[in-house]
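User: I should like to work through a protein model by question and answer. Please show the sequence and the structure before we begin.

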Amino acid sequence: MPQSNENPEEILNTIKAQLKLSVTDRHHGFHTPVFTNINNNEISSRTVVLRNFDDNKFIISFHTDYRSIKIKDILNKPQTYFVFYDFKTKIQLRIKTQSLIEYNNNSALLAWKKTKLSSRKCYLTEKAPSSKTNLAEDGIPSHLIGKDPDKEASEAGYKNFALVNNKINSIEWLYLSYTGHRRLRIDINGKKIEYQWLIP
Ligand SMILES: Cc1cc2nc3c(=O)[nH]c(=O)nc-3n(C[C@H](O)[C@H](O)[C@H](O)COP(=O)(O)O)c2cc1C
């Protein structure tokens with residue numbers, strides 16, 4: 001087993017490097033984590049795209065439609081959770097977070113400016129996500145079917161765009177190996193980082 005799977009500080013450094021890499025590498029296992037929040041008294045999970053990882057502030061971010069039900073739910077209960085799995089390295093990360101919705105402000109605008117036209121198209125639906133429909137359709141206006149909007153038309157999507165910033169409270173790292181599984185909990189409290197090995 002490589003030394004980096006026995007040393008907590010090295011493990012955290014590798015986690016940070018892999019999360020950074022997975023923002024831009026869409027084939028990386030960590031690129032599409034499962035995000036979970038609480039919907040009244042039920043849990044609700046879905047796949048999202050990792051859009052940013054701030055390794056200084058320990059914030060992981062994704063984009064979503066401001067009209068989606070999870071926005072209201074997160075505003076009610078910001079305690080959230082991510083699960084990442086990278087098949088290639090056989091690493092699972094279970095990350096406890098506190099979510100903050102950034103909408104119609106400088107942070108949201110900065111993130112919006114970096115989006116591609118193909119992503120902006122998702123925010124141009126006439127009906128909100130989860131609206132009922134009699135047809136099998138995606139809600140995109142008919143003149144945009146099969147093509148991206150131009151830059152000017154895409155700007156109309158900004159009113160539906162939200163950046164969700166999720167502050168990491170703890171990371172549970174699991175490495176599966178024939179020679180011995182390893183599990184480490186990393187608690188992050190400001191600059192204070194604490195490590196605890198667990199039986200996998
Ligand atoms: C590969 C993949 C990536 C996705 N990325 C996002 C995303 O970044 N943001 C998002 O809101 N939904 C994303 N979705 C759709 C969600 O999984 C989900 O279906 C949608 O957000 C509606 O869920 P909700 O009703 O819980 O809001 C993605 C789905 C897949 C399969």
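User: Which residue in the turn of the hairpin formed by β7 and β8 has a positive phi?

Analyst: This is a predicted model. In it, strand β7 covers residues 161-175 and strand β8 covers residues 182-189. Six residues lie between the two strands of this hairpin, and the one in the turn with a positive phi, of about 140 degrees, is Gly180.

User: How many bridges pair β7 with β8, and in which sense do the strands run?

Analyst: One facing pair across these strands is Glu172 in β7 and Arg185 in β8. The pairing of β7 and β8 is antiparallel, and the number of bridges is six.

User: How many bridges join β6 to β7?

Analyst: Strand β6 spans residues 91-102 and runs antiparallel to β7. Within this pairing, Lys96 stands opposite Ser170 of β7. The number of bridges joining β6 to β7 is 12.

User: Which residue in β7 stands opposite His63?

Analyst: Strand β4 comprises residues 59-65, and His63 falls in that range. β4 pairs with β7 in the antiparallel sense over seven bridges. The residue of β7 that stands opposite His63 is Leu163.

User: Which element supplies the largest share of the largest nonpolar core?

Analyst: The largest nonpolar core has 29 residues, and those touching the most other members are Ile15, Ile60, Leu93, Ile171 and Trp173. At least two residues each come from α1, β4, β5, β6, α3, β7 and β8. The largest share, seven residues, comes from β7.

User: Which residues does Ile171 touch, not counting those up to four places away in sequence?

Analyst: Ile171 is among the core members that touch the most others. In soluble globular proteins, nonpolar side chains tend to be buried together. Leaving aside residues up to four places away in sequence, Ile171 touches Ile15, Leu93, Ile95 and Ile186.

User: Which residues come nearest to the ligand?

Analyst: The shell around the ligand contains five nonpolar, seven polar and two charged residues. The elements giving two or more residues to this shell are β2, β4 and α2. Of the 14 residues around the ligand, the nearest are Arg46, Val48, Val49, Thr64 and Ser68.

User: What percentage of the residues in the protein is buried?

Analyst: The protein has five helices and nine strands, and its C-alpha atoms fill a box of roughly 55 × 35 × 35 Å along the principal axes. A residue is counted as buried if 20 or more other C-beta atoms lie within 10 Å of its own. Of the 200 residues in the protein, the buried portion is 24%.

Conventions: Residues are numbered from 1 along each chain as its sequence is written. This is a predicted model: local features need pLDDT of at least 70, side-chain atom pairs count only at pLDDT 80 or more; totals for chains, interfaces and linings use all residues. A residue is near a molecule or strand if its C-beta atom, placed from the backbone, lies within 6 Å of it. Helices (H or I, at least four residues) and strands (E, at least two) are DSSP runs, numbered from the N terminus. Ala, Val, Leu, Ile, Met, Phe, Trp, Tyr, Cys and Pro count as nonpolar, Asp, Glu, Lys and Arg as charged, and the others, Gly among them, as polar. Two strands pair if DSSP finds at least two bridges between them. A nonpolar core is a set of buried Ala, Val, Leu, Ile, Met, Phe, Trp, Tyr and Cys residues joined through C-beta atoms within 7 Å. A residue is buried if 20 or more other C-beta atoms lie within 10 Å of its own, exposed if 12 or fewer, and partly exposed in between; C-beta atoms are placed from the backbone. Two residues are in contact if their C-beta atoms, placed from the backbone, lie within 7 Å.
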